[in-house]
Amino acid sequence: MVHAQAADGAALHYQLRGSGAPLLLLAGQSNSHRWWDPVRERFEAAFTTVVMDWRGTGASDAPDTDTYSTENFARDAVAVLDHAGIDRAHVYGTSMGGRVAQWLAADHAARVDRLVLGCTSPGAPHGIERGPDVRRALADPDPKVSRAALLDLMYTPAYVAAHPGPFPTLGDPAMPAHARRRHLRASARHDAWDALPRITAPTLVVHGTDDAFNPTANAPLLTTRIPAARTLLIPNGRHAYFEEFADEATPPVLDFLNARTETPG
């Protein structure tokens with residue numbers, strides 16, 4: 001098991017698989033590298049995939065300290081790239097991973113080749129927040145109710161009916177409570193609006209058209225704020241579009257990363 005060391009000494013678990021140019025895959029809030037398990041193999045044929053466990057998840061350390069922020073998660077990602085001997089990588093971040101990827105591309109531009117931002121947001125106060133009904137459902141004290149709400153936000157009912165799970169996007173079950181709270185706070189406090197124009201990497205913004213967890217209206221906000229960014233919308237996709245609609249989403253992402261075709265816009 002391989003670990004990098006963050007600036008504060010926290011151990012950060014990561015994995016390398018595949019061959020080709022490096023591609024850093026960044027997972028969502030309160031999730032480990034397993035977020036990418038259903039689709040990772042598709043990227044390994046063309047790239048050396050780099051996945052990591054955020055601090056507080058998986059096999060990484062979970063310090064109960066004020067070190068959980070999207071900006072610091074980006075610094076953690078740089079520590080992983082440094083330890084792996086990778087000077088520059090493509091970056092594909094989804095959900096909170098997309099928020100972290102914004103800082104990575106803005107503040108560590110030399111480390112990012114091409115950038116994909118999936119189902120993500122520039123953050124408050126400029127981003128479009130999920131509705132109060134969604135927040136109430138996710139905060140229900142009955143864990144069965146809140147889990148069912150999260151599952152419905154991630155996938156269509158038809159997909160859930162055909163796939164009994166497990167669903168790796170529903171959170172790291174072994175995550176300590178303090179780390180879960182700190183992840184939630186880090187994502188909620190994200191605000192990269194002023195940093196987005198500094199992003200120089202070619203950027204593709206991908207979003208499902210039916211995403212209520214992180215509303216689809218955030219996609220054009222990112223696209224208009226990041227120089228020369230393009231948008232790819234996945235019809236009927238919810239928050240986990242990259243898994244359920246992998247056949248529709250992955251090929252154009254691969255084409256973008258390989259710069260083989262004009263990015264859909």
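Reader: Where does Ala21 lie?

Author: Ala21 is in strand β3, which covers residues 21-26. Keep in mind that this is a predicted model.

Reader: Why is Ala21 called partly exposed?

Author: Its relative accessible area is 37%. Buried means under 20% and exposed means over 50%, with partly exposed in between, so at 37% Ala21 is partly exposed.

Reader: What does Ala21 touch, once its neighbours within four places in sequence are left aside?

Author: Ala21 is in contact with Ala46, Phe47 and Thr48. There is also a distance to look at: the C-alpha atoms of Ala21 and Asn258 are separated by 9.6 Å, and these two residues are 237 residues apart along the chain.

Reader: Leu23 lies in strand β3 too. Is Leu23 buried or exposed, and how do you know?

Author: Leu23 has a relative accessible area of 0%. The cut-off for buried is under 20%, so Leu23 counts as buried. Not counting residues up to four places away in sequence, Leu23 touches several residues, among them Phe43, Phe47, Thr49, Tyr92 and Leu257. As for Arg55, 32 residues apart from Leu23 along the chain, the two C-alpha atoms are separated by 20 Å.

Reader: You named Thr49 there. What makes Thr49 buried?

Author: The same kind of reasoning works here. Thr49 has a relative accessible area of 0%, and buried means under 20%, so Thr49 is buried. You will find Thr49 in strand β4, residues 47-52.

Reader: Which side chain is joined to that of Thr49, and why is this called a polar contact?

Author: The side chain is that of Arg40, at 3.0 Å. A polar contact needs a pair of N or O atoms within 3.5 Å, one able to donate a hydrogen and the other to accept it, so a pair at 3.0 Å meets the distance cut-off. Arg40 also appears among the contacts of Thr49, including Gln15, Leu25 and Phe43.

Reader: How do you describe the way helix α1 and helix α10 meet?

Author: Two packed helices are described by the angle and the distance between their axes. For α1 (residues 37-44) and α10 (residues 246-258), the axes come within 11 Å and cross at roughly 35 degrees. The crossing is right-handed. Val39, Arg42 and Phe43 in α1 meet Ala246, Asp247, Thr250, Val253 and Leu254 in α10. These residues divide into five nonpolar, one polar and two charged.

Definitions and conventions:
Residues numbered from 1 in each chain as written. Predicted model: local features only at pLDDT ≥ 70, side-chain atom pairs only at ≥ 80, totals over all residues. Heavy atoms only, no water. Helix = DSSP H or I, 4+ residues; strand = E, 2+ residues; numbered from the N terminus. Buried < 20%, exposed > 50% of the residue type's maximum accessible area, 1.4 Å probe, protein only. Contact = heavy atoms within 4.5 Å. Axes fitted to C-alpha atoms, helices over the stretch in contact; angles between N-to-C directions. Left-handed = near helix turned anticlockwise from the far one by under 90°. Nonpolar A, V, L, I, M, F, W, Y, C, P; charged D, E, K, R; others polar.
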